[in-house]
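Visitor: I'm new to this one. Could you walk me through how to read it?

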Amino acid sequence: MRYLIDKLYENNELTQFELEELLCNLSEEDRDYLIDKAYEVRQRSYGKTVFFRGLIEISNICKCDCFYCGIRASNCKASRYRLSKDEILDSCHRGYSLGYRTFVFQGGEDSYFTDELLEDIIKTLKREYSDIAITLSLGERGEKSFRRLYEAGADRYLLRHETVDENLYNRLHPKMSLENRKKCLEALKEIGYQVGSGFLIGLPGLQMKDYAKDLIFLKKLKPHMVGIGPFIPHEDTPLKSEKGGTAYDTITLLAIIRLLLPDVLLPATTALGTIDPKGREKGFKAGANVIMPNLSPMEYRKKYALYNGKVFSGKESAEEKLKIESGVIEAGFEPILTRGDNIRWKRK
Ligand code: SAM
């Protein structure tokens with residue numbers, strides 16, 4: 001497999017067939033070699049830096065019913081909440097004083113968060129702080145809404161495509177369509193956002209070779225950020241008895257993505273840290289360069305339960321940040337709290 005890894009390293013490209021070959025036939029030694037190559041490319045693009053983003057989980061109310069997700073509309077056991085404007089602003093103020101310069105607002109598709117309200121929050125923050133970036137991860141919205149929020153000052157949008165397998169997508173996402181997801185991603189790019197997409201690893205029925213299609217999709221999309229993570233079953237969802245994804249496969253795929261998209265911003269996700277206590281550090285060594293510590297008010301954190309066992313330190317943001325920073329330093333990397341934009345992005 002080394003010739004394929006070298007080819008990927010040199011050209012940042014493989015065909016779908018070659019990616020399938022690689023995904024199916026990696027020996028332990030090949031995988032170590034792949035990870036070393038990904039580490040080298042990460043060093044070249046971003047050095048040893050790990051960008052910190054303050055994650056604020058603004059609502060667990062969602063109209064979608066994704067089969068894998070703990071906050072899906074049909075889960076009547078979920079205890080629902082949404083943050084008020086003041087709670088969101090307070091979380092950002094607290095984050096800013098801790099040094100964070102990127103805030104990620106993530107939540108279910110909750111119609112309470114109208115364009116007017118989000119615009120107001122974004123503009124207020126951008127007036128107060130000239131050196132911050134705002135990332136939104138609020139699901140599918142219309143093109144007009146995306147544009148309005150960009151014009152208000154939002155910089156980035158995360159919208160995973162989840163899986164490019166259309167049959168599986170349709171089975172897991174009632175009343176949604178992969179086509180619309182893709183349309184949203186194209187619109188976000190066209191408007192000028194730094195765009196993030198990505199997929200879940202270990203969804204039922206998927207094998208390693210199947211991710212070749214997701215990788216080709218990402219290569220064509222050329223996102224500025226890619227979020228991949230293991231699917232972890234949630235006990236109150238239809239997929240509660242499934243096995244879920246592994247840290248091993250996630251790390252292999254992180255390394256391949258670093259080689260396919262050398263300058264991409266690539267988080268080591270909370271889900272990866274949940275299934276392997278050293279998962280995020282292993283992720284950095286395989287090419288990941290972003291981490292998103294939680295800045296949500298303490299009383300809501302447990303309620304944003306997308307999957308079982310989500311890491312919850314019980315620590316306040318300041319203490320949690322120190323702990324995560326020391327883990328990053330111990331792993332040989334450098335925590336950075338500046339905006340940390342993708343190196344090829346400029347605001348339109
Ligand atoms: N509603 C927004 C959206 O659709 O992009 C953002 C919120 S959604 C909960 C954020 C991400 O959580 C999804 O893109 C999905 O990949 C991930 N997620 C949901 N359930 C999960 C699970 N059981 N295991 C791992 N990740 C999960």
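Guide: Let's begin with surface: accessible areas come from the Shrake-Rupley method, which uses a 1.4 Å probe. One thing to keep in mind is that this is a predicted model.

Visitor: How much area does the chain expose, and what share do carbon and sulfur atoms supply?

Guide: The exposed area is about 14400 Å², and carbon and sulfur atoms supply 50% of it.

Visitor: What percentage of the residues count as buried?

Guide: A residue is called buried when its relative accessible area is under 20%. Here that applies to 60% of the chain's 348 residues.

Visitor: How does the radius of gyration go with a compact globule?

Guide: For 348 residues, a compact globule would come out near 20 Å; this chain has 19 Å, which agrees. Its C-alpha atoms fill a box of roughly 55 × 40 × 40 Å along the principal axes.

Visitor: How many helices and strands are there?

Guide: You'll find 14 helices and 11 strands in the chain. As for contacts between residues at least 6 apart in sequence, 76% of them join residues at least 24 apart.

Visitor: Which residues of helix α2 are buried?

Guide: In α2, residues 16-25, the buried ones are Glu18, Leu19, Leu22 and Leu23. Looking down the α2 axis, the buried residues fall within an arc of 135°, so they line one face of the helix.

Visitor: What do the buried residues of α2 pack against?

Guide: Their partners are three helices: α1 (2-11), α9 (211-221) and α10 (247-260).

Visitor: And how many charged side chains, positive and negative, does the chain have?

Guide: There are 55 positive and 52 negative ones, and the centres of the two sets lie 2 Å apart.

Terms used: Residues numbered from 1 in each chain as written. Predicted model: local features only at pLDDT ≥ 70, side-chain atom pairs only at ≥ 80, totals over all residues. Heavy atoms only, no water. Helix = DSSP H or I, 4+ residues; strand = E, 2+ residues; numbered from the N terminus. Rg over C-alpha atoms; globule rule 2.2 N^0.38 Å. Buried < 20%, exposed > 50% of the residue type's maximum accessible area, 1.4 Å probe, protein only. Contact = heavy atoms within 4.5 Å. Lys, Arg positive; Asp, Glu negative; His and termini not counted. Charge placed at Lys NZ, Arg CZ, Asp CG, Glu CD. Arc of directions from axis to C-beta.
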